[in-house]
Amino acid sequence: MNPLRILYIFLGLICFGLAAAGAFVPVLPTTPFLLLASFFFSRGSARFDRWFTSTKLYQDHLDSFIKSRSMTRKTKVYILTLATIMMCIPLIFVPIVFVKVFMASMIVFMHYYFSRRIKTIKPSSGVITITENEAWRASDKSAAAEAQGLLKPEKDDQANSEHTDEGKD
């Protein structure tokens with residue numbers, strides 16, 4: 001096996017472990033470590049990547065973001081609150097003005113990015129929705145039209161025969 005792939009798998013496992021710890025330890029961020037683990041596993045092994053994307057930790061924290069670049073309001077508030085608190089520590093305690101300006105600008109940018117660049121979605125209700133773009137990308141045009149609600153389902157043969165039989169009586 002390629003030594004670089006072994007290194008990717010090893011780094012993916014370390015990042016996954018840190019993310020798992022971050023789910024319970026409030027000071028340790030979960031999402032950045034999950035993103036890193038996803039990156040390393042996808043480079044290291046298809047089997048590890050499939051395993052990682054099927055874990056509950058991945059499903060809870062990254063799945064919606066990876067698929068649609070969107071998060072629920074609860075997830076956004078949680079990430080922003082924790083990250084802002086952690087970034088305020090050096091802002092308050094480090095006496096270097098450059099560090100204070102840098103940390104303040106990072107906090108402002110982070111809030112801008114989360115509010116303007118990441119779409120807010122409602123918590124999933126188990127219903128799969130298809131956007132207009134996804135529907136038109138479908139290979140079958142009728143499936144695309146049906147997904148958009150433009151194509152009405154055909155009536156049953158019995159319903160059609162009932163309508164034709166009505167005129168005969």
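The secondary structure of this chain, taken from a predicted model, comprises ten helices and two strands. Read from the N terminus, the order of elements is α-α-α-α-α-β-α-α-β-α-α-α. Of the 169 residues in the chain, 24% are buried. Among contacts with a separation of 6 or more, 54% join residues 24 or more positions apart. The exposed surface of the chain is about 12,600 Å², and carbon and sulfur atoms supply 64% of that area.

**Nonpolar cores**

- The largest nonpolar core has twelve residues: C15, F16, A19, F33, L34, A37, F40, F41, F52, L57, Y58 and L62.
- Two or more residues of this core come from each of α1 (3–22), α2 and α4 (56–61).
- Helix α2 provides the largest share of the core, with five residues.
- L57, a member of this core, touches F16, A19, A20, A23, T30, L34 and L62 when residues up to four places away in sequence are not counted.
- Another core, of ten residues, lies apart from the largest one and includes F65, I79, L80 and M103.
- In soluble globular proteins, nonpolar side chains tend to be buried together.

**Packing of α2 against α3**

- Two packed helices are described by the angle between their axes and the distance between the axes.
- For α2 and helix α3 (residues 46–53), the angle is about 150° and the axes are 7 Å apart.
- The two helices α2 and α3 are therefore roughly antiparallel to each other, because an angle over 145 degrees counts as such.
- Helix α2 contributes L34, A37, S38, F41 and S42 to the contact, and α3 contributes F48, D49, W51 and F52.
- By class, six residues of the contact of α2 with α3 are nonpolar, two are polar and one is charged.

**Residues F41 and S38 of helix α2**

- F41 is part of helix α2 and belongs to the largest nonpolar core.
- The relative accessibility of F41 is 0%, so F41 counts as buried.
- With residues up to four places away in sequence left out, F41 touches I9, G12, L13, F16, F48, D49, W51 and F52.
- The C-alpha atoms of F41 and L7 are separated by 10.0 Å, and the two residues are 34 residues apart along the chain.
- S38 is also located in helix α2, which spans residues 31–44.
- S38 has a relative accessibility of 17% and therefore counts as buried, since the limit for that class is under 20%.
- Leaving aside neighbours within four places in sequence, S38 is in contact with D49 and F52.
- Both D49 and F52 also appear in the list of residues that F41 touches.

**Packing of α6 against α7**

- Helix α6 (residues 73–93) packs with helix α7 (residues 97–117) at an angle of about 170°, and their axes are 9 Å apart.
- This angle makes α6 roughly antiparallel to α7.
- On the α6 side, the contact is made by K76, I79, L80, A83, T84, M87, C88, P90, L91 and I92.
- On the α7 side, the contact is made by K100, M103, A104, M106, I107, M110, H111 and F114.
- The contact of α6 with α7 has 14 nonpolar, two polar and two charged residues.
- I79 and L80 of α6 and M103 of α7 take part in this contact, and these residues are also among those of the ten-residue core.

**Further positions in α1 and α6**

- A20 is found in helix α1 and is one of the residues touched by L57.
- A20 counts as partly exposed, because its relative accessibility is 26%.
- The C-alpha atoms of A20 and L34 are separated by 8.6 Å, with the residues 14 residues apart along the chain.
- L82 is found in helix α6 and is buried, with a relative accessible area of 19%.
- The C-alpha atoms of L82 and L28 are separated by 9.1 Å, although the residues are 54 residues apart along the chain.

**Backbone geometry at R69**

- Most residues other than glycine have a negative phi.
- R69 is not a glycine, yet R69 has a positive phi of about 50°.
- R69 lies in the loop between α5 (63–68) and β1 (70–72).
- With a relative accessibility of 40%, R69 counts as partly exposed.

Note on methods: Residues numbered from 1 in each chain as written. Predicted model: local features only at pLDDT ≥ 70, side-chain atom pairs only at ≥ 80, totals over all residues. Heavy atoms only, no water. Axes fitted to C-alpha atoms, helices over the stretch in contact; angles between N-to-C directions. Helix = DSSP H or I, 4+ residues; strand = E, 2+ residues; numbered from the N terminus. Parallel < 35°, antiparallel > 145°, perpendicular 65-115°, else oblique. Contact = heavy atoms within 4.5 Å. Nonpolar A, V, L, I, M, F, W, Y, C, P; charged D, E, K, R; others polar. Buried < 20%, exposed > 50% of the residue type's maximum accessible area, 1.4 Å probe, protein only. Areas by Shrake-Rupley, 256 points an atom, 1.4 Å probe, with all protein chains shown as cover. Core = buried A, V, L, I, M, F, W, Y, C linked by side-chain atoms within 4.5 Å.
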